[in-house]
Structures are given as C-alpha cells and as structure tokens.
Amino acid sequence: MGKTIAEKLIASHLRSGEMVKGSDIGLKIDQTLTQDATGTMAYLEFETMGIDRVKTERSVAYIDHNTLQTGFENADDHRYIQTVTSKHGIYFSRPGNGICHQVHLERFGIPGKTLIGSDSHTPTGGGIGMLAFGAGGMDVAVAMGGGEYHITMPKMTRINLKGQLQPWVSAKDIILKVLEIMSVKGGVGKIIEYGGEAVKTLTVPERATITNMGAELGASTSIFPSDEITREFLKAQGREEDWVEIKADDDAVYDEIIEIDLNELKPLAACPHSPDAVKSVEEIGEIKVDQVCIGSCTNSSYMDLMKVAAILKGKTVAPGVSLSIAPGSKQVFNMLAKNGALSDIIDSGARILECACGPCIGMGQSPNSAGVSLRTFNRNFEGRSGTADGKVYLVSPETAAASALTGKFTDPRTLGEAVKIDMPEKFVINDNMIVPPVAEYLSETVDVLRGPNIKPFPKCDAMNDSIECETVLKVGDNITTDHIMPAGAKILPYRSNIPYLSNFCFEVCDKEFPERCKKAGSGIVIGGSNYGQGSSREHAALVPLYLGVKAVLAKSYARIHCANLANAGIVPLEFVKESDYELIELGDKIVFENIKEELTKGLDVTLTNITKNIKIATKAVLTDRQREMVLCGGLLNYTKLNG
C-alpha cells in the first residue's frame, strides 16, 4: 500500500512509536521558529534545560508580534531574545525583517523537512512541502534541545482540486471554501493534503495561503507536494539546491477525500465571528465598510500586494474608509518600492504599516465602534481586533482592495478585466536583517540581557493523590485562546510576565475570573466543544496554572491547547457523557479522590461534585507519555527526569 506525502515525511522522521492512527508518535525535528510574543517564554524554558547549543539543523527567532513599543517591555524582550539566541546557536530575524511565516517560506523553508513553531500558523510551511506544525513554546524548547516532538498519529484527508481559478477568485477563496465544508472543528486529528490536477496551477505563495489558514480547521497541519512549481520558487529565492520532489504514491490511501472544482468558486468571505461562517461576497451584499486591512501571514506576499497595487493604481480610497497595508517581509516591501507599486499604493491613500503582524493580533488599527472591517487575515474571533463590537470579515486581497475603493462590500468580479501578476524570475535577496549566532567557541562571551518585565514561568509540582478544587468558570463551545489569554497592544507586552498577565485571564468571558481563582486557591474550568481553538500561545495554559487551575473538563479540545495543558501539568479531561456538562455549575465544590492512581493506571477519572452530591465519569485526554508528564508536573519536569 502506498503512502501519502505526510506519511512519507513522518516515516522518515519517526523516532518513537508506530504509525498507527490514534497512537502517540515522536518525531525528529529539523527546524524550529519562534516569534516574540511566545518566544521569550520558549527561550526561558530552553535555558532551564541546561543545554549549551540547539541541536536542530536550523532554528530562527523572529520579531514580528510585539513591535509597537509604547514602553520598555517589548524592546527589553527583543534584546533578551537577540542575546539568548546568539549564545545558543539560533538565527535572529530583526524587527522590520518581516512576519515569521512569510520570511521562513522565503529564506529557510526546505521541502521534506520537519518544522515546529511556537505559532499556530507554522503549517504555512506546508505550502513548500514541509511537515510543519504549530506547537507550544515548551515543545519548541524541547525540540531545540534535540528532543522528540510528540503528536497523535493523524488521519489523512485528501482535498482534490480540479479545474482552475476563474478571474478575480483567489487562493483565499479556496481555503474559505474548505472551511465552509469542514468547519473549524472538521480538521481535528487530521493532516490535510492537497492534490489533483489544479495543484500545478497554484504558485507557492498561493499554496502557503491555503496551508496557513488550514490552522483554522483545527488540523494537525496541511501540506502540498513539492514539484516543479516549488522548484521555480526556490530558484527565484536563490535556493534551488534545497529542492527535492515530494509527492504521494499513486496508490496512497486516505481516510477522507474531498473534491473541489475551482471553476465553480466565487469570491467568499468569513462573516463575524468565525472563520467558518462563510458566505459569498455576492450573498452578503453591498454593506457599508469602515475599514480594510491587507496583510498578515496569510496574504502579504509579493504576488498578493502586486495585485492590490494594480487595483488601487490611479484611484483613491473611498471617503470614510481607512485602508492599511502591511507587507509580509522586507523582501516584499523592497520589491514593491523598487518597481513603483508602493508609490501606486501610497497615492491611493492607503496607510503603510511596518512588516509585522500588526492588526491581525490586535496590535494597532482597531476599527471604530461597531465598525465593519474587511481583513485578509486568518481569524475574526470576537474582540480580537481590539474593538469589542467590531464586525470583522475575512476576505481575499482582491475583495479587500475593491471594497476599499467603493466603500462597500464589493465583488471584485465587477471591476472588469482581472489583474494578472506573474511570479518574478528572481526575488530581491538581502538577508542583512537576519543575524547569525556567534560561533560555539564564543558562546561564553555573550551576556544574556534580561529586563525587569521578564519573570520566571510558574512551576508545577508532581500530582497529589487527590485534588480538591472549586469550579471557577463555566464556558460554552468554541472557546478560543483569545478568550483565555487575550492579545492586543495593552496585554501582549507582558507575555514574559505571567503574574501581570494573570489579571487579564478570561476577561472576555468573566472579568471576575482572576480574583475568583485567587480566593479559591485551587480551581477547575468547565468547557464545551472545541475548547482552546486558535493560537498556539502556551500562556493560555501557563496563566491558569499560575492562578491555581488544576484541571479543565470539556466536551472536546483543540489539539495544540490540549497539549499545552498537559505540558503545563494541568489535567485535560473530557466528559464520558457530554450531557453531564449540565451537572456542574459555577462555584460547585469538586473532588478527585483518587486522581493519581486513576491516571497512573489509565482509568477513567472520577469527579465528585460535593455541592450536588453527584459522581461524574471523565476521561483524561492524554497519551501514555503525557500521563507521565502530568504525574510529574509537566513537560519540563518530565524532560529533566528522563534526560
């Protein structure tokens, strides 16, 4: 029986376990990346391991999230990251060089290699044929130290693309269609693999848009074959020697096959407040638009922004619309400046932002109250923009630019003849903003500089025989990591300060949560389905740990957050019977009388609701390895004990 692309790459990197679906496997990791909102914590964790130099083929630290410097905190974190990475053998991408996923695709991504990153959109690398996973910072720290990256062996989903995109329809519309079909929960436990005759019609940047936003499916990752299109992209980046062909066997077997005819696709949009709330632009109608934001790791490539420049050329942004554009990398920015496209964008009245994540993570450019904001981003969770009642739609660059000119939701097909942009034969290459680490023999000469905002991460002790706690929060379905630990300009600078961050935990759901936790001393959170979807930020586990949360009990979990809970030493539990969700209320006193023994033996975990005098059966969402981790107090303790 033949293998899928993902199965081939898993097999070539398998260190432990067997490729049996649903079982735990450990993978060798070739490359890692971090960004500054999660990187500071990842490097603090790496330092505690006592390893002098990273053991990966390539590790890169990017500065792209916390670039708005309204105080010393972000600058101090950047200085810490630059010094700690230089000391330990990690490349450093300076502020202004661009968004981690865009730059990594351009300069470091290699087909056939494994990559994990402390950002949930790391699967962008699948656009170039990498096996790329979003992960928590602890997982990245362990991988940098030479440890395995563990996942549950996923199912394989094949999406066959046939036909060809019609004028004014884009790669963004493809992934929005996939989200409409599969939903934000439909990819859980799966790797999404793209194939079919239409794959050869998609450039690497277009493929990367699709794999990037595959994170919103809840998928483990997404991947395209590495073919002649991939080779041409790498050649244009001066890296043709990195190319290898990777394709699925003709007799590969998939658990699920989905067919999409690109000829039938229309311009689409994800409506507030979920990436899978998809409608056609035509169906939405000509509603008034207040703001348009173009950029993010999803749609800030050279190809994307050249199309935008061509649409805007000689025209003016509609009165009442604020248009902001952020190139994804210095390379993109430079090329737009050299060929005159940047001038066309500026002439239209667009506001040019730096090469960073910016509005996508609530770092500036919040829309007006109750404003309609069209964004080429990947997430439109409620409040993520920084405006609580903002109405954020996710659209293609073509739809965004067309709507900016008319001041209303506009189907770009109404603009006439479509813009056609060819891939450049050679990209402008200047890596002067990527700082290599010092040679290993000079490591001792590097002083790691820490600012006063950098605090130690919370420790977790080994599991007690029993746990007594209070229900400190009860929430519904599709709770995101933005609900648990919000982003935005006011909070992100404190990502290296867990005690301060704790004041904002779950503030979107319940502003009293932090104080309630402190009074209770020990707590449990009750959640619905798909708990913890969204970002890979491990702060959504570390901050509840600091506040005394011992366990989370939910109907189901998003993959990365569930792993982050286990890494932190918090027990992720699921209801054996989902209807038992109704039997626990805020403030109920809870006891797990024999939790250590039940976890050790792999049994169901019995919860006793003392307040209601009810026993409820739960199951730990843990592999055998994760059970050992939780029992000894999390991944770092486990790693120290097991070498």
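# Helices, sheets and cores of a predicted model

Helix α6 (residues 171-182) lies across the strands β9, β10 and β12, where contact means heavy atoms within 4.5 Å, and α6 runs at about 135° to β12, an angle between N-to-C directions from 0 to 180 degrees, with axes fitted to C-alpha atoms and, for helices, over the stretch in contact. Helices (H or I, at least four residues) and strands (E, at least two) are DSSP runs numbered from the N terminus. The model is predicted, so local features need pLDDT of at least 70 and side-chain atom pairs pLDDT 80 or more, while totals for chains, interfaces and linings use all residues. Residues are numbered from 1 along each chain as its sequence is written, and side-chain values use heavy atoms, without hydrogens or water.

## The chain as a whole

The protein chain holds 21 helices and 27 strands. Its C-alpha atoms fill a box of roughly 70 × 55 × 55 Å, taken along the principal axes. Of its 643 residues, 65% are buried, that is, under 20% relative accessible area with a 1.4 Å probe and protein chains only, against over 50% for exposed and partly exposed in between. Among contacts in the protein chain with a separation of 6 or more, 77% join residues 24 or more positions apart.

## Two open sheets

The strands that α6 crosses belong to an open sheet of 4 strands, in the order β11-β10-β9-β12, with parallel pairing; two strands pair if DSSP finds at least two bridges between them. At the edges stand β11 (221-223) and β12 (256-261), and because each has a single partner strand, one side of each is left without a neighbour in the sheet. From one strand to the next, the twist averages 20°. Helix α1 also lies across this sheet, over β9, β10 (190-195) and β11, and runs at about 125° to β10.

Another open sheet has 3 strands in the order β1-β2-β8, and its pairing is antiparallel. Here the edges are β1 (14-16) and β8 (149-152), each with a single partner strand, so one side of each has no neighbour in the sheet. Neighbouring strands of this sheet are turned by 45° against each other on average, direction ignored. Helix α1 (residues 5-13) packs on this sheet as well, touching β1 and β2, and its direction makes about 55° with that of β1.

The table sets out three strand pairs, each with one pair of bridge partners.

| Strand pair | Bridges and direction | Bridge partners |
|---|---|---|
| β2 (residues 24-27) and β8 | 4 bridges, antiparallel | glycine 26 and histidine 150 |
| β9 (residues 155-162) and β12 | 6 bridges, parallel | asparagine 160 and glutamate 259 |
| β23 (residues 549-554) and β24 | 4 bridges, parallel | leucine 553 and leucine 573 |

Strand β24 (residues 571-575) is mostly covered, with 5 of its 5 residues buried. Val571, Leu573 and Phe575 point one way from β24, whereas Pro572 and Glu574 point the other way.

## Nonpolar cores

A nonpolar core is a set of buried Ala, Val, Leu, Ile, Met, Phe, Trp, Tyr and Cys residues joined through side-chain atoms within 4.5 Å. The largest one has 105 residues, of which Phe506, Phe513, Ile524, Val525, Tyr531, Phe592 and Leu599 touch the most other members. Helix α5 (residues 137-144) gives the most to this core, with 6 residues. Apart from this core lies another, of 57 residues, among them Tyr62, Phe108, Trp168 and Ala350.

Leaving aside residues up to four places away in sequence, phenylalanine 592 touches Asp465, Ser466, Ile467, Cys469, Ile524, Leu573, Val605, Thr606 and Leu607. One of these contacts, Leu573, is among the buried residues of β24.
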